[in-house]
Each structure stands twice: as structure tokens, then as C-alpha cells.
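Student: Please take a close look at the sheet in one of the two chains, and at what surrounds it.

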Amino acid sequence: MRPARLSRLWLGAGVIAVAIAFALGLALGPVNLPLSTVLDALAGNGNERDIAIVTQIRLPRVLLGLMVGAMLALAGGCFQGVFRNPLADPYLLGVAAGAGLGATVAIGMRSDQLLVPAAAFTGAIAAVIATYALGRGKNLILAGVAVSAFAAAVQTYLLQRNVDTIREVYSWLLGRLATNGYHEVKLLLPYAIVTSVVVLAMRRELDVLSVGDAEASGLGLHPQRSRMILLAAAALGTAAAVAVSGLIGFVGIVVPHIVRLLAGGSYRQILPLSLLFGAAFLALADLVARTLISPGELPIGVVTAFFGAPFFVLVLRTTKGVSL
Amino acid sequence: MLGVGGLRVALDGTEILHSVDLEVAGGEWVTVIGPNGAGKSTLLRAIGGVLPFTGSIQIGGVEISALPRRKRAQLVATVAQQPVVPPGMRVIDYVLLGRTPYIPPLGRESAQDLAIAERRLRELDLVRFADRELETLSGGERQRVFLARALAQDAPLLLLDEPTSALDIGHQQEVLELVDTLRAEHGLTVLATMHDLSIAGEYADRLALLADGRVAAIGPPAQVLTEDLLREHYRARVRVIAGDYGPIIVPVRG
């Protein structure tokens, strides 16, 4: 008789998955480098070209992929727990539409490329705040639907007025992990840390919340308060991830479910493992996206769904999962 | 043990309970009966601390509205009428949720918490289900698991809202006997709500008849389960027959 704990085995598997994604992401690309060369380059040894490829081009991109994947999967797992809804995804509260609107405005105003993430972040946070304000005490999910619809309408209107920017906006919306040195990594890092610390620290509370607000409150919790803190943290991480990478679907909704089916249904298992496997999954998906049709690049959302969906179905069919 | 005075509870602006007074002694079992909509569940939820109220609710002489939630949860444990069954949660993890009031925020269960949860599983004959998912258990088994979680809270006051409404007659008796045994072993005070009047009378020390948000009658089962009171408050035609453990209520057509 053992309580649900994160098993060392699964934790080890998650760390190894991240390590593999990290190593492959640094080694593979238009120029394939042996692992020894990669390690040398990381230490600052070897020829200039290899050092530049590894530390200036690939490392920031791999780190960004790991962080965005970790954020989306962690936030997805958190949202599913907070709303006790298996279909909840990190974009639920208007983050996606708000970020899309922000990016559309920035691109439409021909602003500096570096300002697009800031505009997307602002739009995402504004949308989430609007959702909270409108849905508080009523129904956050429905308020999120309304805010998303409104933001999407404004965005469509702006696009129609500035048809020449449609291509750029859509390429942003489809999601991509383009990096400009360490700019995006530095942008995302503080939010990633805050979100991870807050959400992981409250993983047991998410388990308690699964019995519903009334019973959780009878067990001594402040369900509304816990919920708000969790949602704020997850929305912040999602907004930051979306700001630097656009809308990458699938990771946030499916990674937590795969983890749940394979490793156990407690949030003490789901959240840390979602973080690790989400990171590894997105970094590997990005590797495929940038190497498969090299020198061209596939939109990463296409890769996450193309490989993730069949794998998810496989896991769903072969585990004795809970029917939802 | 439990003292309720001048309790008023409103739901969505409608007052459900109008000045309820109720005293329950330590170790006593009091069951609240009353027609649908009388406010039985509302009373229990207010005492359990999940509804705002005006008036006074004291447990062990302490006003519960003055207590932090965790402290309150150490004094009163509730088995809800239809507890949520979290998908995928195993029985042992569910019972461990009962230790929440003793686990510091952001903390995890101690070895002692696990030991208490295991003891409750043994007492309720649930050890073999420990690793099963709660969803896969039958109604009677689930009810025992709900009880185990409430008992893991180690609270002196146990609130049972319709603990047997989902069970067949045999399992009803099994669960209530179990509650009675545990009450004796742990010195618990039990406040329950129940629909079946005969069973309510057989297991309770006293019955409180709640009607229209007020206590219409309170006392030993034989004083409350009378043909007159039941006709007046339930608009029911019944025959009351003396039984070994309390009056037997038989509905009659007429």
C-alpha cells in the first residue's frame, strides 16, 4: 500500500528524455556533429564554426523548445486539474486569441520584430485579465470563450484591413521556435521559473481539488484561492511561451494525458512529468521540423500533431485508461 | 459537543433555514429527518463550514466561524450526499485526502498520515481495495471508502448527509452498523440526515424533525415518529408500529 508518489523510474525516464532531446537537438541539423564535438563546443573547444553552430544557433533554439514545451504541458495539466475537465488546454482562458491580437497589431504596425513577443504577451495577459474579470464567480471557461471570440473578431478585422501582413501573421500564429540569439530564452526564463515553482508546489492541492470545491473546503482548503493562484501562474507561463513561439497546439492537451495514462493519475505525478516530457517532446518535434525538409522548415504545430496524435491514440488504446 | 443557535442560512437570496436551534451531546447520534426541501442538507453543509450563515455554530464550545479552515476540518468531517469520485484516483490516495487538514500547505503526507489512512482501511475492511481505482468499486464499497476518508480526518464530529440513499437495504444496514461501531470505538459524535424513517429511528439516539427551515420536533425516535407529526409535516398517511429498536413506519394508502 503506497500513496501516489512520483516514482524514481518515471522521473529518471523524464530526465533521460530531456537529455536525449537536448543532445540530438545540438548534434543534428544541416551539419551533423558527433556528440564529442558538441561537448567540446559547449566547453568552448574545437573549431570556431562548430562552436558557433552549437552555442549560438542550436543551443538557444533547443533551450527555447524545452522551455516552451515544458510550459505548455505543465499549464495544460494544471488547467485540466483546476477545471476538472480533460479537454482544458492552456489556451482556454483567452491566452491564444489575446496573443494573436497583440501580434497582429504589432506586425500590422510594422514594428520591430523584437516587439512582437512583447505585444503578444500584453495581448495574452489582457485577455486573461478580461476573462477573470468577466467570469469571476460565474463561469471562467465561458467567459474565456467570449473573450476569445471578441479578440478573434478584432484580429480578423485588422487582418482584412492589412491584407499584406496576413502571411506573416499566420506564420506567427502557426507557431515556430525561431530564435535570435538568446533573446527569446532570456525573455521566457523568468516566467518559466515562476510558473514551474508555483504550479509544482501546489500539486497536492490539485489532487484535493479533484473532489470538488465543497468537499475540498470541508478538508480545510480555500478552493477558490488555490484555483486562482494556479490559474494565474499557468496563464502567465502560457502567455510568455506563446509570446516567443506563437500558438503551438497539441502539447498542452495531450502530453498531460499521455503521462496520466502511463504513469498515474495523481497531479503529483502528472505535473512534474508533464514538464519533463513536454520539454523533450517539443524539442524533438522542433528537431524534426527543422531537419525533415531542410533547408526548409515545417511549422512545428504540424509536427507535434502529426507525430503526437498517432502516439496518443496508441497509448489510449493500449492502456487500461479511465473513460472520460 | 455541537451547539447550533439561531442559525439562518440563505441560498441565492432565499432563506432556507429560519433560526434553527440544535444541541448534540458528545458521543450522541442525532439524525435529522424531514420532507424534501426542508433544509436538511443545508443544515449539514452550514455546520460543515461550506455555507455562509448567520447565528451561532459551536463545536466543543468554539465558534466555527472564528476558526481557520484547517482547524475546523480537524473538528468536523463530512460525508457528502453524493461525493465526487475523482477519475483515476486510487482508494488509498482518496483516503489520504482526509489527512489534508494536518498536512502543511505545500507539504506532503507524513508516515503518520499514511499509518492512519492504513488503519482506517483496515477498520473498514478495505485493505484489498487500496490500490484499486475508486471508480471501479461498487456502491457499498464506495460508501465505506467515503467513510474511511472522513474518519481519516480524525475529527470528533462526523456529518453524514444521506449516507445510505444509494445503497440497497442490506448495505444500508451494513454501513450504519459500521458507523455505530466506529462511533463507539472512536467516541464520535454523529449528525446525519436520512430519508428512511424506520432506519433513521433505529440508529439514532434522537431525531430532529426539520420542516420549512425550522426544527418542528426533537427527541427520542418514539416521540418524533408519530402518526400526527408525520401527517402534519410530510402530509403522509402512515402506521407507526413499535419495533425492537424503534418505531417502524409503514406507509398506508387511504
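Tutor: What follows describes the sheet of chain B, the helices on it, and then the contact with chain A.

This is a predicted model. In chain B, 6 strands make up an open sheet of mixed pairing, and their order is E6-E7-E8-E3-E9-E10. Strand E6 (76-79) and strand E10 (214-219) of chain B are the edge strands, each pairing on one side only. From one strand to the next, the twist averages 20°. Within this sheet, strand E3 (residues 29-33) and strand E9 (residues 206-211) of chain B are parallel partners over 4 bridges. In that pair, B:Val32 is opposite B:Ala208 of E9(B).

Two helices can be placed against these strands. Helix H1 (residues 40-47) of chain B packs on the sheet and touches E3, E6, strand E7 (157-161), strand E8 (189-193) and E9 of chain B. The direction of H1 makes about 145° with that of E8(B). Helix H5 (residues 139-152) of chain B lies across E6 and E7 of chain B, and runs at about 170° to E6(B).

As for the partner chain, 28 residues of chain B are in contact with 23 residues of chain A. On the chain B side, helix H2 (69-75), helix H3 (91-96) and helix H4 (111-123) are the elements that give two or more residues. The residues on that side of chain B comprise 15 nonpolar, 8 charged and 5 polar.

In chain A, an unreviewed UniProt entry annotates several spans as "transmembrane region", among them residues 140-159 and 229-258. Residues 140-159 of chain A are 100% helix, with end C-alpha atoms 28 Å apart. Residues 229-258 of chain A are 83% helix and 0% strand, and their end C-alpha atoms lie 25 Å apart.

Definitions and conventions
Residues are numbered from 1 along each chain as its sequence is written. Chains are lettered from A and ligands numbered from 1 in the order in which they are written. This is a predicted model: local features need pLDDT of at least 70, side-chain atom pairs count only at pLDDT 80 or more; totals for chains, interfaces and linings use all residues. UniProt positions are given in the numbering used here, feature names are shortened, and annotations may be inferred rather than shown by experiment. Two residues are in contact if their C-beta atoms, placed from the backbone, lie within 7 Å. Ala, Val, Leu, Ile, Met, Phe, Trp, Tyr, Cys and Pro count as nonpolar, Asp, Glu, Lys and Arg as charged, and the others, Gly among them, as polar. Two strands pair if DSSP finds at least two bridges between them. Axes are lines fitted to C-alpha atoms, for helices over the stretch in contact, and angles run from 0 to 180 degrees between N-to-C directions.
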